[in-house]
Amino acid sequence: MRRALQVAFVVTTVLAFSLLAFAVSEHLLPSAGLRSLAAFYLSAAPDPQNPYTAATPAVVAAVLWDYRGVDTFYETVVLYLALVAGVLSLGAPKLGKAAGGRPGLSPIVKAAVRVVAPVVVSAGLAMGLHGSENPGGGFHGGATIAVAPLAVIAAFSTTFLLGKRVSAEALLLLMSAGLVGIGATALSAFVAGLLVGANSYVFQNLPKPSAPVDFPGKVGWATIDSLLLFDIFELLTVASGFTLALVELVPPAERGGEAR
Amino acid sequence: MAAETLVYALLAFCGLASTVSVYLAVTEKDLVKAVIYSAAQSGLYAVAYFLLMAPDVVLVYLPVALGLVPAILLSLISKTERWEGG
């Protein structure tokens with residue numbers, strides 16, 4: 001009863017503030033027009049005729065990995081360093097003998113996870129690989145893929161996952177490879193520019209008026225630009241990173257469960 | 001017009017229900033239930049982002065806020081105590 005009264009108080013307060021906000025909304029609403037920077041991104045990114053185009057309808061992906069790629073790179077570095085620090089302080093979990101405690105969840109849940117986990121991985125891959133053309137991207141896809149090992153750990157055990165040749169070392173290696181890939185892709189156009197003596201930039205994707213070096217871009221039906229490569233490497237980093245975090249936090253000896 | 005009203009009504013419901021979920025998550029003594037309330041709040045936010053036509057945010061919000069964060073919080077609770085003292 002007391003809880004119901006408290007919830008009713010919260011609802012009333014929210015409604016009262018909403019009414020107040022509605023009453024003064026005329027003075028609070030932001031301008032309907034776009035700010036100049038937003039107008040630039042929205043007009044330049046999808047327009048192949050624009051000299052600063054990213055040649056993709058996915059404007060968010062263009063901002064993340066083309067116009068403001070350095071920001072995204074440093075965000076990925078933060079994730080990487082946090083996970084490396086976690087592994088260093090907790091130590092890599094080893095595949096030990098199952099503790100023999102809980103046998104995991106019921107056979108129905110296990111059967112469902114066996115069916116659903118590959119579907120989740122496929123959806124994550126599709127989300128990541130189409131991120132340069134559609135909503136989605138490497139982080140989205142990687143985070144979605146990481147739900148599959150989470151379901152496996154919950155339904156079976158960490159021991160089961162580690163028994164499938166998934167080790168902390170391998171995950172750390174994959175994560176590092178992803179980060180190195182992002183760095184190499186970011187530097188490739190710049191290094192190519194240095195080699196041919198042309199002006200070029202770090203994180204350059206397509207040619208700019210003063211910097212002609214670029215990725216191939218549209219080749220027939222395929223798009224081979226830096227956005228796709230960044231998405232692939234980001235997906236690798238995030239998927240292996242989150243899986244590593246889960247393996248670290250739910251060590252095998254604690255969960256017990258079945259080993260195969 | 002009717003569709004637009006429905007979108008605004010759903011947004012209002014998501015906003016209201018998510019605030020209640022946050023209140024319940026903060027005041028709940030059973031930490032497992034608190035995590036579930038928190039996940040419910042995240043789910044309502046995901047619907048709100050979808051209605052606000054921000055699919056990129058939805059796609060990253062769903063796996064992180066409904067899958068990974070509750071899982072990590074539950075694993076941390078399993079290392080401490082389920083009930084908040086006091």
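Helices and strands here are DSSP runs, counted from the N terminus, with at least four residues for a helix and at least two for a strand. With that in hand, Met53(B) turns out to sit in the loop between α2 and α3 of chain B. The model is a predicted one, so a word on confidence comes along the way.

Met53(B) is a bit of an oddity. Its phi is positive, about 60°, even though it is not a glycine. Most residues other than glycine have a negative phi. Met53(B) counts as exposed because just 10 other C-beta atoms lie within 10 Å, and the cut-off for exposed is 12 or fewer. Chain A has a residue of this kind too: Phe203(A), not a glycine either, has a positive phi of about 65°. Phe203(A) lies in the loop between α10 (168-196) and β1 (217-219) of chain A. Here the surroundings are crowded enough for Phe203(A) to count as buried, since 22 C-beta neighbours fall inside 10 Å and 20 or more is what burial takes.

Chain B as a whole is built from 3 helices and 0 strands, giving the pattern α-α-α along the sequence. Its C-alpha trace spans about 50 × 25 × 10 Å along the principal axes. The radius of gyration is 15 Å, whereas a compact globule of 86 residues would come out near 12 Å. Buried residues make up 23% of the chain's 86 residues. Among the contacts in chain B with a separation of 6 or more, 53% join residues 24 or more positions apart.

Next comes α3(B), which covers residues 55-79. This helix has 25 residues and reaches 35 Å from its first C-alpha to its last, close to the expected 36 Å. It does have a kink, though: about 35° at Tyr61(B), shortly before the proline Pro63(B). Both Tyr61(B) and Pro63(B) are buried, and so are other residues of α3(B), including Asp56(B), Val64(B), Gly67(B), Ala71(B) and Ser75(B). The cover over the buried residues of α3(B) includes α2 (31-51) of chain B, along with α4 (59-67), α6 (107-129), α7 (138-145), α8 (147-155) and α11 (226-249) of chain A.

That leads to the meeting of the two chains, where 20 residues of chain A are in contact with 15 residues of chain B. On the chain A side, the elements giving two or more residues are α1 (2-23), α7, α8 and α11. Sorted by class, this side has 17 nonpolar, 3 polar and no charged residues.

Two of those elements, α8(A) and α1(A), make a neat contrast in how well they are covered. In α8(A), 7 of the 9 residues are buried, among them Val147(A), Pro149(A), Leu150(A) and Ile153(A). What covers them includes α6, α7, α9 (158-163) and α11 of chain A, together with α3 of chain B. In α1(A), by contrast, the count of buried residues among its 22 residues is 0. The end C-alpha atoms of α1(A) are 32 Å apart, which agrees with the 32 Å that 22 residues should span at 1.5 Å each.

Elsewhere in chain A, Val116(A) belongs to helix α6 and is partly exposed, with 14 other C-beta atoms within 10 Å. Its C-alpha atom is 36 Å from that of Ala45(A), 71 residues away along the chain.

As for confidence, chain A averages a pLDDT of 86, and 89% of its residues score at least 70. Among the elements of chain A, α7(A) has the highest mean pLDDT, 94, and helix α12 (residues 252-255) the lowest, 54.

Methods. Residues numbered from 1 in each chain as written. Chains lettered and ligands numbered in written order. Predicted model: local features only at pLDDT ≥ 70, side-chain atom pairs only at ≥ 80, totals over all residues. Expected span 1.5 Å × (residues − 1). Bend = angle between axes of the 7 residues up to and from the residue. Contact = placed C-beta atoms within 7 Å. Nonpolar A, V, L, I, M, F, W, Y, C, P; charged D, E, K, R; others polar. Rg over C-alpha atoms; globule rule 2.2 N^0.38 Å. pLDDT = per-residue confidence, 0-100.
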